[in-house]
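Let's take a walk through this one, starting with a pair of rings and working outward to the cores and the overall fold.

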Amino acid sequence: MAVPAGPPSRKGSCAAPPAAAAPLLGEPPAPSKAVRVAVWKARGLKGSKSDTPVTVVHAEFNGMILGESSKVDVLPNGTAEYNFTTSFEYSRDGPNSLDSIAQSPVLLTVTEVLPREKRQKEEKTVPLGQAVVDLLPLLQGQCSFKVLAPLYAVPTSPLENVPPEAKCGLEVTVCVQEPLLSATQLSNGNLLSVTLEAAYSVPEAFVPTGPLQNYMACLQVPAVGEREFLLVFKNGVLKLGGEKEPLPRPKKWPLGNIMAPGALNIPNSFIVGGPYENEDGELNKREDREFRVQSESIKKRIVWDMERRCFLDPAAVLVLQKRIAECRYWPVEVCRMPVVSSSKGKTSKTDKGDDDGQIFFHGVAYVNMVPLLYPGVKQIRGAFRVFAYKDSEVFEKTKNQLSVFRDLRPQISLTKEGQWAPGINSPLSRAAPSRIQREDKEKITRDKESNRKLSSAVKILSSDVPVEAENVTYLNHNGQQYVEAGTFLVMEIKLEKALVPKRLPEELTRRCSGRPRRLRVKGITTWIKEMIPTRPLLPRQTAGAEKAVEDYHNQITSIAVTILSEYHELFGKQLPDQGAINHQTLEEQKCQLNFELNSSGKYFAFKEQLKYVVVKIVREKYLKTTAFESLEQFQAFLSELYVYLVDQMHIALNQVLSEEAAAPTPPSCTTDEQLRLFAHEAEVSKDYKLASLYYQQRVARDQHNIQYWLDYGAFYLLLDETIKAQECFREALRLDPHHMQSLLLCGIVAVMLQHYEEAEIFFEDASCLEPSSVVVWTLLGLFYELQNNNIRAEMAFREANKLLQAQLAMERSVPEAPEGEGRKKQISAECGRPLNPCPGASLPEEAEDSAASRLPEAVEAALTCMVPEEDATAQQNRRPKNKEAAPRAAFIYCSAVSLPKCQLFNCPH
């Protein structure tokens, strides 16, 4: 929980809040590479024997005790002012490296100092609670941050009875003089987080009774050169079946020296789970659901819920990308080892340096890391089966020759109790530093001897002589039980930034050399807009004064026509023989017409008809919306308005009398559907000139109809005139830049013209606009397959397969519709109406249904052929099959989206 920041402080300073005092006098200044931790204040404290106890704070980091504050009395309101500052030195290659800062928090323990009794030599202390401070913000470019770290109660501590609203915690500030990461490290580095949740359906031989066992797992992460990050997960908890693990649940620190159970939880970091179908690992198919549910609720499991982090500098990020590209599967080893305790006066085998002891139930899970190379992907999560560890199989799949638990055991201190994690003993013990130093010296001596053994083992493994099974220094008779029990690991691998950035919808850059960077606007790139300018919109309606005058003219014209009709009804349309009417007759007709208009009420109707447009002219033309100040001003305005209205009336009447009646447009003899059928009949008869005429007539009737342009472009593809077909498809895209079918067809034609950069932009734009379309992802995968971009092709096909399986599951769940009805609706909504067969081929009566019905089959066949196999060797063997499946699937797609079957992705007729 963050504390509201006070006044701004200097960069890298740990200035106290206004109410806090300065750091303790006499404290030596921290070194320039020091990370300073300041504990200012505690809230909600309560003692075991009184409400105002005497307390101290102990600070610990990475197994090293940093210091202890002075004794402070707790106030009656539960607060205590410690003003305690300590520090530890950051070193790039030392024990407190970036990796330690990433995965180790600062551990703060609040201890109550009890009053000294009679004849008592030393003071007694009782731990009250512990708080952890995550140092991850220092790896995100911050020089200082302030938090309110919750103080978790130690078992049997009086803080267990403190109500939650008391907000028991410590106000802590962490700062450095300068950023730990340079600008290059911050922008090009990355943070890798691996969360091991649990191992489900473990062998029946795992029982909670008997000797203590340590359940462990380990993953090696490559770094620069020959270095390796060993991410070890220890102290797994064996649980019996009966209930499912709750979701969400917090992730835990990889620490063993925490006394308060709540302090093991990483702040704001949870395991949330998700549908099996959305996972990246194994056992995510529909047929695996029942086994997963039973394993995660009924059967035994080993639970870690532990997260380990490591920082990758820019060089390590490049090595990580290279290693994933070279080998898609990475081994995650699991094993069980007995906990060996050393008693006083005796030395165990481990203390003697015998690191050749047996390990039991040695297994391995193969994690497919390739999805991390997909554009924009930052994490993978899923279930991974556990197999027995066999050197030959591990080397074949992962190209890894060494086993962590067998060959690198001295580096991770597996067997000795008390060395599961640094500083496992209580920080209250003042002898802890000396004991740790003494154990480290013993460990260094053992490591030297082990390294000599390891070097000889490496020579054996790197030689051409095969290693026989009986020469291996450990026995793995139990590993096969993982396979028999169906054991699987559930884990998550997460990166702070994607290894391959995705071209976002707001910014789609061209990868063509020498071309400028262009921005994407509302689903289509500016470059596409420049290449295919959008059609101008329909004529804009005029507004304001011009619109008001135009409406007035229209009303005058309408009233004039109505009065003329009344005149014809009263006096007829025939004129006298001389062609002229005397003045007296005209006056009589005028009086009679006025009488008829007034008596019938039409005169008042004309006034009402003109009232609205006159008011509009007053507001828009004269901008008059307020009352007049005087009568004279009102009369002057009326005179001006009257003159203007009369002048405009004369203009309107002159236009009416001067216009000649336009000849009516003869009705068309054919409809658009008839023209389409005529064009199709001409195609079948190979009369392409006549078919072109019909298509031109359709486009001439309505140039804003996208389907007309698509049909016209499909016709040109039938004639192998790809350039003209491209013009038609781009014309459709001009009308609607977001039209999915036009985007796909533009991309297909670009492939046919070998404009691959343009095609990639069209297909990626379509995937951004319609991410739930199976056809879009299939075509994108086919394009990448054509470009030999295997990783991105696999990404597209996996996405298409996932969507296809979801659609099939939805179809199974709904009641069955009449035969063919659901399929027709789905295809018509996504692919459009099929048209135009190949030259020389006749179109069957049910061509539309047959072409549409083949589309899902083509997509499913393509996905079946192209989704990667589990084995990398099988992937290499299926390459020719992909090359044949790609044009075939796209070939059938073309017939379903109104394209002829010709030359798509180099597909012959």
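Start with Phe206 and Tyr482, both of which are buried. Keep in mind as you look that this is a predicted model. The two ring centres sit 6.4 Å apart with the planes at 80°, so Phe206 and Tyr482 make an edge-to-face pair. Edge-to-face here needs an angle over 60 degrees, and a pair needs centres within 6.5 Å. Now check where the two partners come from: Phe206 belongs to the loop between strand E11 (190-200) and strand E12 (213-222), while Tyr482 is in helix H9 (residues 480-485), so this pair ties together parts 276 residues apart in sequence.

For another edge-to-face pair, go to Tyr603 and Phe604, with 5.8 Å centre to centre and 80° between the planes. How exposed are these two? Tyr603 has 40% relative accessibility, so it counts as partly exposed, and Phe604, at 47%, counts as partly exposed too.

There are plenty of rings left to look at, as the structure holds 21 aromatic pairs. Ring pairs also join Tyr622, Phe628, Phe634, Phe637 and Tyr644 into a cluster. Then there's Lys397, which lies over the face of Tyr366 at 4.8 Å from the ring centre. Lys397 also lies over the face of Phe387, this time at 5.8 Å from the ring centre.

On to the cores. In soluble globular proteins, nonpolar side chains tend to be buried together. Here the largest nonpolar core has 95 residues, and those with the most contacts inside it are Trp304, Leu312, Ile324, Leu489, Ile493 and Phe763. Helix H19 (residues 740-752) supplies the largest share of this core, 10 residues. Zoom in on Ile493: setting aside neighbours within four places in sequence, its contacts include Leu192, Val194, Leu219, Val367, Met369, Leu372 and Ile380. Ser193, Lys378 and Gln379 are in contact with Ile493 as well. Apart from the largest core lies another one, of 45 residues, including Val39, Leu45, Ala80 and Leu170.

Finally, zoom out to the whole protein. Its secondary structure comes to 26 helices and 23 strands, and of its 909 residues, 45% count as buried. Among contacts with a separation of 6 or more, 73% are between residues 24 or more positions apart. As for the outside, the protein exposes about 47700 Å², with carbon and sulfur atoms supplying 54% of that area.

Notes: Residues numbered from 1 in each chain as written. Predicted model: local features only at pLDDT ≥ 70, side-chain atom pairs only at ≥ 80, totals over all residues. Heavy atoms only, no water. Phe/Tyr/Trp six-rings, centres within 6.5 Å; stacked < 30°, edge-to-face > 60°. Helix = DSSP H or I, 4+ residues; strand = E, 2+ residues; numbered from the N terminus. Buried < 20%, exposed > 50% of the residue type's maximum accessible area, 1.4 Å probe, protein only. Lys NZ or Arg CZ within 6 Å of the ring centre and 35° of its normal. Contact = heavy atoms within 4.5 Å. Areas by Shrake-Rupley, 256 points an atom, 1.4 Å probe, with all protein chains shown as cover. Core = buried A, V, L, I, M, F, W, Y, C linked by side-chain atoms within 4.5 Å.
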